[in-house]
Amino acid sequence: MQIFKVGGAVRDRLLGKPVTDIDWVVVGATAEEMLAKGYRPVGADFPVFLHPKSGEEYALARTERKSGRGYGGFTFHASPEVTLEEDLIRRDLTINAMAEDDQQNLTDPYQGQRDLEARILRHVSPAFAEDPLRVLRVARFAARYAGLGFTVAPETLELMRQLSESGELEALTAERSWKEISRALMEDQPQVFIQVLRDCGALKVLMPEVDALFGVPQPEAHHPEIDTGLHTLSVLEQSALHKQPLAVRWACLLHDLGKGLTPEEQWPRHIAHEHTGLKLIKAVNERFKAPKDCQELALLVGKYHTHSHRALELKASTLLELLQSFDVYRRPQRFEEFIAACEMDARGRKGLEQRSYPQADYLRGAAKAAREVAVQPLLEKGFKGPELGEALKRERLKALKAYKENA
Ligand code: ATP
Ligand code: MG
């Protein structure tokens with residue numbers, strides 16, 4: 001049997017990027033031989049094995065054929081006769097379809113190295129269209145390598161467009177989609193992921209609520225970029241520049257969905273978009289089964305981001321309601337993430353990227369003031385149950401009034 005390094009490990013070594021996980025392909029072997037050598041099978045009838053020591057993935061060379069809708073509709077054929085070239089042709093992009101042996105001899109039948117040098121993301125063969133997940137993968141790689149100057153080949157974008165129009169994207173499971181979306185959001189330029197999805201018509205299918213923001217104007221005084229879609233891309237860009245965690249990036253993407261529902265005659269104003277947007281945020285959250293922390297933060301940011309922007313003008317009682325809604329007493333970290341998302345929203349505007357956001361420290365100070373109200377003296381006064389809760393709120397309100405006066 002012969003063993004080759006494939007996929008990302010080869011690509012990233014040639015790009016001079018750090019290689020994190022290595023995928024291997026094994027040519028000329030049977031499953032029985034792999035088991036005899038101590039490799040562990042990953043699934044009952046899938047020809048992929050884990051190395052007994054390193055745990056890295058070793059896949060038997062295989063060919064694939066589409067036999068129905070979605071990913072379940074795939075049949076594969078693994079046997080010792082399948083060649084390296086046959087295995088490589090089933091891969092998504094030419095830059096992902098190179099292999100190398102232990103002497104670093106490159107096997108590159110589909111000109112991956114040429115495309116790597118030309119900074120082009122190009123599909124390997126028309127079979128690309130057999131798995132709709134590749135639309136998301138290409139957009140994710142575009143987000144990752146945009147900084148190096150990579151773009152999607154026009155003919156690949158065209159295939160992605162056909163796939164998006166064909167209805168195949170709807171066959172993707174929430175789990176597979178979320179895995180790509182969440183990884184893409186954590187890349188250096190997540191806004192490129194959304195942009196590429198939009199360019200090929202996939203955004204309209206996957207997240208019509210986000211797609212609808214493009215072409216919707218906002219008041220120029222607050223939003224020099226005017227377009228709500230462009231604003232959303234900028235907010236996402238800021239979230240990556242500031243190394244925000246996934247939940248913050250997800251909330252950034254969804255914070256303004258309500259603006260897509262504003263009747264045209266009200267443009268460029270968006271009265272109560274924080275509220276109208278909530279059901280859309282909920283729908284997107286659920287469509288992709290986003291993790292609970294992402295779902296929660298997106299809803300809270302959607303509902304309260306304008307509160308944050310107006311923090312310094314809020315009455316003490318409104319401030320208190322905000323802090324109570326966030327349960328800042330037990331969930332301080334979530335409130336920090338809320339503030340971070342709101343700051344990204346404020347900076348994700350044309351020409352305002354460097355502005356300061358005094359609201360952040362002001363809100364932190366308010367949370368601290370409310371948190372410092374001690375329970376013990378109230379217990380000593382005999383308050384308990386719901387009365388204790390009310391007394392605590394009164395004390396916190398007092399503390400916030402004092403905070404406002406001294407701020
Ligand atoms: P990463 O750095 O994100 O791990 P990668 O290229 O290694 O990038 P993997 O998901 O680890 O991506 O997959 C390894 C290889 O398997 C890819 O490089 C590609 O050749 C192939 N591959 C993975 N998923 C698909 C797919 N859905 N369609 C076609 N080829 C795929
Ligand atoms: Mg990999």
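Charged residues make up 22 of the positions lining the largest pocket, alongside 15 nonpolar and four polar ones. The model is a predicted one, and in it this pocket takes up a volume of about 1,400 Å³. Its lining runs to 41 residues, and those nearest the centre are Asp23, Glu57, Arg137, Lys179 and Arg183.

As for where that lining comes from, H5 (133–145) is the top contributor, handing over seven residues. Helices H1 (8–14) and H7 (174–185) each put in at least two, and so do the strands S2, S4 (46–50), S5 (57–60) and S6 (62–66). The pocket also draws on two domains, with at least three lining residues from domain 1 (1–118) and at least three from domain 2 (119–206).

Two of the lining residues turn up in a database record as well. The unreviewed UniProt entry lists Asp21 and Asp23 under "binding site", and both belong to the lining of the largest pocket. Asp21 sits in the loop that leads from helix H1 to strand S2 (23–27), while Asp23 is part of S2 itself. With a relative accessible area of 26%, Asp23 comes out as partly exposed, because the buried class stops under 20% and the exposed class starts over 50%. Once neighbours within four places in sequence are set aside, the contacts of Asp23 are Phe4, Lys5, Val6 and Glu57. Of these partners, Glu57 is also listed among the residues nearest the pocket centre, as is Asp23 itself.

The chain as a whole is split into domain 1 (1–118), domain 2 (119–206), domain 3 (230–367) and domain 4 (376–406). Between the C-alpha centres of domain 2 and domain 4 there is a gap of 53 Å.

Next comes the second largest pocket, which holds about 640 Å³ of space. Here 28 residues form the lining, with His222, His273, Thr306, His309 and Arg349 nearest the centre. Helices H13 (273–276), H15 (292–309), H17 (332–347) and H18 (358–371) are the elements that each give two or more residues. H15 has the largest share, at three residues. By type, the lining breaks down into 11 polar, nine nonpolar and eight charged residues.

H15 also features in the packing around helix H16 (residues 316–326). Ala316, Thr318, Leu319, Leu320, Leu322, Leu323 and Phe326 are the buried residues in this helix. They pack against H15, H17, H18 and helix H20 (385–406). Right after H16 ends, Asp327 adopts a positive phi of about 45°.

On the other side of H16, the loop that connects H15 to H16 is home to Ala311. This residue is counted as buried because its relative accessibility is 0%, and the cut-off for burial is under 20%. Leaving out residues up to four places away in sequence, Ala311 touches Gln359, Tyr362 and Leu363. Ala311 and Tyr362 are separated by 51 residues in sequence, yet their C-alpha atoms lie 7.3 Å apart in space.

Notes: Residues are numbered from 1 along each chain as its sequence is written. Chains are lettered from A and ligands numbered from 1 in the order in which they are written. This is a predicted model: local features need pLDDT of at least 70, side-chain atom pairs count only at pLDDT 80 or more; totals for chains, interfaces and linings use all residues. Side-chain values use heavy atoms; hydrogens and water are left out. UniProt positions are given in the numbering used here, feature names are shortened, and annotations may be inferred rather than shown by experiment. On a 1 Å grid over the protein atoms alone, a cavity is a set of points where a 1.4 Å probe fits but cannot get out, and a pocket is an open set with protein on both sides within 12 Å along at least five of seven lines; lining residues have an atom within 4 Å of a point. Helices (H or I, at least four residues) and strands (E, at least two) are DSSP runs, numbered from the N terminus. Buried means under 20% relative accessible area, exposed over 50%, partly exposed in between (1.4 Å probe, protein chains only). Contact means heavy atoms within 4.5 Å. Grid points are joined across faces, edges and corners, and a volume is the space filled by probe spheres set on the points. Ala, Val, Leu, Ile, Met, Phe, Trp, Tyr, Cys and Pro count as nonpolar, Asp, Glu, Lys and Arg as charged, and the others, Gly among them, as polar. Domain bounds come from an automatic or database domain assignment.
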